[in-house]
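Ready for a few warm-up exercises on aromatic rings and cysteines? Take a look at the model first, then work through the tasks.

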Amino acid sequence: MSAVKINRRDFLVLGGGAAAGCAIEPGPPPDHEQAAPQSSEVVLVRSAEVLREDGTPDPVELHRMLNEAVARLFGEANPQAAWRRVVSADDVVGIKSNVWGYLPTPPALEEAIHEEVRSVGVPAEDISVDDRGVLSNPVFLRATALINVRPLRTHHWSGLGTCIKNLIMFVPRPPEYHGDACASLGALWTLPAVAGKVRLNVLVMLTPQFHGVGAHSFSKEYVWPYGGLIVGTDPVAVDATGARIINAKREQYFGPGRPITPPPHHIEIAGERYGLGVSDPERIDIIRLGPQDDALI
């Protein structure tokens, strides 16, 4: 299958709308408008061997993919050097996972990240994997570094469940951020428990969900064995790249004219209003590892 080329305007149209004129409430705005970086890199790593016959990931291959992506992202010859660029032995590290029952962060991936953080020299008591309990987790309460990892799926309120949205459990009342298709999710990244702490974002694309109807909707009909991870330090670029793949899969499955609903405009807003990163595909450099023939991007 040929690669799908989508420019910035196409990204907005496929998402069902643009950020301009959107209400950014609730959620605290930044003290001033922040400028996003001019460009970003993300790594798209795929493997034909990562999914076993039963659809579960092979832990060894998944760990290899993660390490290859992190090493390439940081321009290091080996994964150990790259992980030392992510965290240091003095850090307290929270691994923000996602426990949604139908499509959770794979435990094998949580363990791979945990193992690499330990290998840097971070004591086990200074590392924790959590999702819904982050506000009461002692490690997260004193964390100096966060690693953000979750599967990509369509979402009833935000259009897509993304790395940006994955930090919503850092507020006591997440529904307050559901207005206007969760437009204000970028504000989460300005919270004291989060701001400046997220060192790495891993968007899990092993079996992403490209369609759903209603809250907490899941059907095996709408997932497919993509066998990938998108890895980057820029959550906006990571999520925008994932959104392009989901849109391309929807067009492949449904035909034209079926954009993600509601539009996942929180991705672009997070970049343009909160300065979290780059959503314009023309300013995102995708580093491709592994087979790419049917990558949809």
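Below are three short exercises on this predicted model, each with a worked solution.

**Exercise 1.** Work out how the rings of tyrosine 102 and phenylalanine 218 are arranged.

*Solution.* Start with the total: the structure holds 12 aromatic pairs. In this one, the ring centres of tyrosine 102 and phenylalanine 218 are 5.2 Å apart and the planes meet at 10°. Planes under 30 degrees apart count as stacked, so this pair is stacked. Next, place the partners: tyrosine 102 is in the loop between strand S2 and helix H4, while phenylalanine 218 is in the loop between strands S6 and S7, 116 residues apart. Finally, check the surface: tyrosine 102 is exposed at 51% relative accessibility, and phenylalanine 218 is partly exposed at 25%.

**Exercise 2.** Now do the job for tyrosine 222 and tyrosine 253.

*Solution.* Their ring centres lie 5.9 Å apart, with the planes at 80°. Over 60 degrees counts as edge-to-face, so that's what we call this pair. Tyrosine 222 is in the loop between S6 and S7, and tyrosine 253 belongs to helix H7. Tyrosine 222 is buried at 17%, whereas tyrosine 253 is partly exposed at 37%. Zooming out, both belong to a cluster linked by ring pairs, along with Phe210, Trp224, Tyr226 and Phe254. One of these rings, tyrosine 226, has the charged end of arginine 46 sitting over it, 4.0 Å from the ring centre.

**Exercise 3.** Find out how many disulfides the structure holds, and whether cysteines 163 and 182 are buried or exposed.

*Solution.* The disulfide count is 0. Buried means under 20% relative accessible area. Cysteine 163 comes in at 0%, so it's buried; cysteine 182, also at 0%, is buried too.

Conventions: Residues numbered from 1 in each chain as written. Predicted model: local features only at pLDDT ≥ 70, side-chain atom pairs only at ≥ 80, totals over all residues. Heavy atoms only, no water. Disulfide = S-S within 2.5 Å. Buried < 20%, exposed > 50% of the residue type's maximum accessible area, 1.4 Å probe, protein only. Phe/Tyr/Trp six-rings, centres within 6.5 Å; stacked < 30°, edge-to-face > 60°. Helix = DSSP H or I, 4+ residues; strand = E, 2+ residues; numbered from the N terminus. Lys NZ or Arg CZ within 6 Å of the ring centre and 35° of its normal.
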